[in-house]
Amino acid sequence: AYEPAKRLSRMRVSIETALVGVRMVLGILDMPESQAEARDARPLKPGRGALEMRGVTFGYGAAPVVRNLDLLFSAGQTSALVGPSGGGKSTILNLAMRLYEPSEGEVLIDGQDLAGATLSSVRQRISFVGQNTFLFSTSVRENIRMARSDATDAEVEAAAQDANAHTFVSELPQGYETMVGENGSFLSGGQRQRLAIARAILKRSDIMLFDEATSALDSHSEALIQEALARVTRDKTTVVIAHRLSTILGADQIIYVEEGRVVERGTLRDLLAADGPFRRLYDRQFGVAEPAPIALAEAAE
Ligand code: ADP
Ligand code: MG
């Protein structure tokens, strides 16, 4: 039994060596391929994390996907992007992370155009949680710590607490040392998402983006994550894309996007009163005769 164990421990060393490299690109963890940066690019100066788009037009090919967009995600506020599939919601987040650059207009963080900023400084300011969590075949602890390699064990565990992950992690055979398997295959979808959120929390960035982060989950897992998110995003600039409207009822503003344009924006109350496309979406999801969700949102105010 000794030989395989020795081989395993050697394997572990090589995994850890690989992780050093992984941590170096940590800013782009959970984020797809990125743009090249300008030769004279400068790091973003720190700020409160206001995110803005001014006259942004962009398409992946010849046809524009978003057109002349003006958006303000105020520092510390939660905004929800809603609207039909293919309307451009994910594209807006892609532009915010500078995975793509607008063909016209500017994307700004705290008034600074991302076009002139270093990619690493942009990525540092933003946490992203999407529908698919990227986990490495290592321990729970190391998977969370990837967000900030100098984080202590206590900080890792505090982030897990905040993400409602600590309880399930503690119940795993080796707790935080449990290996998660190839891309987290030993964990459930809800558990993987909570680790992704723990990572986002540990990163301590002031802008947090969530793209259908809970859409694939059952409602129990979603509720656990929802509760964690409400707590964690309180003082962050947060943008949430969610198919289930129950997820976004507490947002400070709701932006309805269709065919790459903002059709409506306002508070839940504004948009329900406006009786436009958002109202129709809302009625479709909750049923016209069901007042509970509005009452819920008001109770949360
Ligand atoms: P939403 O998130 O609102 O569903 P998306 O931003 O994903 O909308 O998509 C907007 C449009 O852009 C769609 O027509 C989609 O097919 C297209 N699109 C999205 N991502 C890409 C991509 N990587 N390459 C080419 N087209 C894309
Ligand atoms: Mg999308």
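Let's start with helix 8, residues 219-232: at 1.5 Å a residue its 14 residues should span 20 Å, and its end C-alpha atoms are indeed 20 Å apart, so the two agree. (The expected span is 1.5 Å times one less than the number of residues in the helix.) Helices here are DSSP runs of H or I with at least four residues, strands are DSSP runs of E with at least two, and both are numbered from the N terminus.

Keep in mind that this is a predicted model, where local features need pLDDT of at least 70, side-chain atom pairs count only at pLDDT 80 or more, and totals for chains, interfaces and linings use all residues. Residues are numbered from 1 along each chain as its sequence is written, chains are lettered from A and ligands numbered from 1 in the order in which they are written, and side-chain values use heavy atoms, leaving out hydrogens and water.

**Helix 8, side by side**

- Ser221, Glu222, Ile225, Ala228, Leu229 and Val232 are the buried residues of helix 8; buried means under 20% relative accessible area, exposed means over 50%, and partly exposed is in between, with a 1.4 Å probe and protein chains only.
- These buried residues cover an arc of only 130° around the axis, which puts them on the same side of helix 8. (The arc is that of the directions from the helix axis to the C-beta atoms.)
- Flip to the other side of helix 8 and you'll find Ser219 and His220 exposed.
- Here's a handy bit of background: an α-helix has 3.6 residues a turn, so residues three or four places apart point the same way.

**What's around ligand 1**

- The residues around ligand 1 are Tyr60, Val65, Pro84, Ser85, Gly86, Gly87, Gly88, Lys89, Ser90, Thr91 and Tyr100, where being near a molecule takes a heavy atom within 4 Å of it.
- Sort that shell by type and you get 4 nonpolar, 6 polar and 1 charged. (Ala, Val, Leu, Ile, Met, Phe, Trp, Tyr, Cys and Pro count as nonpolar, Asp, Glu, Lys and Arg as charged, and the others, Gly among them, as polar.)
- Two glycines meet oxygen atoms of the ligand through their backbones: a polar backbone atom of glycine 87 is 3.2 Å from an oxygen of ligand 1, and a backbone N or O atom of glycine 88 is 3.0 Å from an oxygen of ligand 1.
- Threonine 91 uses its side chain instead, with an N or O atom 2.5 Å from an oxygen atom of ligand 1.
- On its own, ligand 1 has 560 Å² of accessible area, and the protein covers 56% of that. (Accessible areas come from the Shrake-Rupley method with a 1.4 Å probe; for residues, only the protein chains shown count as cover.)

**Helices 2, 3 and 10**

- Helix 2 (residues 89-96) has 7 of its 8 residues buried, so it is largely enclosed by the rest of the structure.
- Those buried residues of helix 2 are Lys89, Thr91, Ile92, Leu93, Asn94, Leu95 and Ala96.
- Just past helix 2, arginine 98 takes a positive phi of about 60°.
- Arginine 125 sits in helix 3 (residues 119-125), and at 10% relative accessibility it counts as buried.
- In helix 10 (residues 277-286), the buried residues are Pro277, Phe278, Leu281, Tyr282, Asp283 and Phe286.
- Glycine 287 follows helix 10, and its phi is positive, near 80°.

**Life in the loops**

- Asparagine 164 is in the loop between helix 5 (153-162) and helix 6 (166-170); it is buried, at 19% relative accessible area, and its phi is near 60°, a positive value in a residue other than glycine.
- Asparagine 183 is in the loop between helix 6 and helix 7 (189-203); it is partly exposed, at 35%, and has a positive phi of about 45° although it is not a glycine.
- Serine 139 lies between strand 6 (126-129) and helix 4 (140-145), and is buried with a relative accessible area of 1%.
- A polar atom of the serine 139 side chain is 3.0 Å from the backbone nitrogen of glutamate 142. (A polar contact is a pair of N or O atoms within 3.5 Å; within protein, one must be able to donate a hydrogen and the other to accept it, and residues adjacent in sequence count only if both atoms are side-chain atoms.)
- Threonine 138 is in the loop between strand 6 and helix 4, and it is buried with a relative accessible area of 1%.
- Threonine 214 belongs to the loop between strand 7 (207-211) and helix 8, and counts as buried at 6% relative accessibility.
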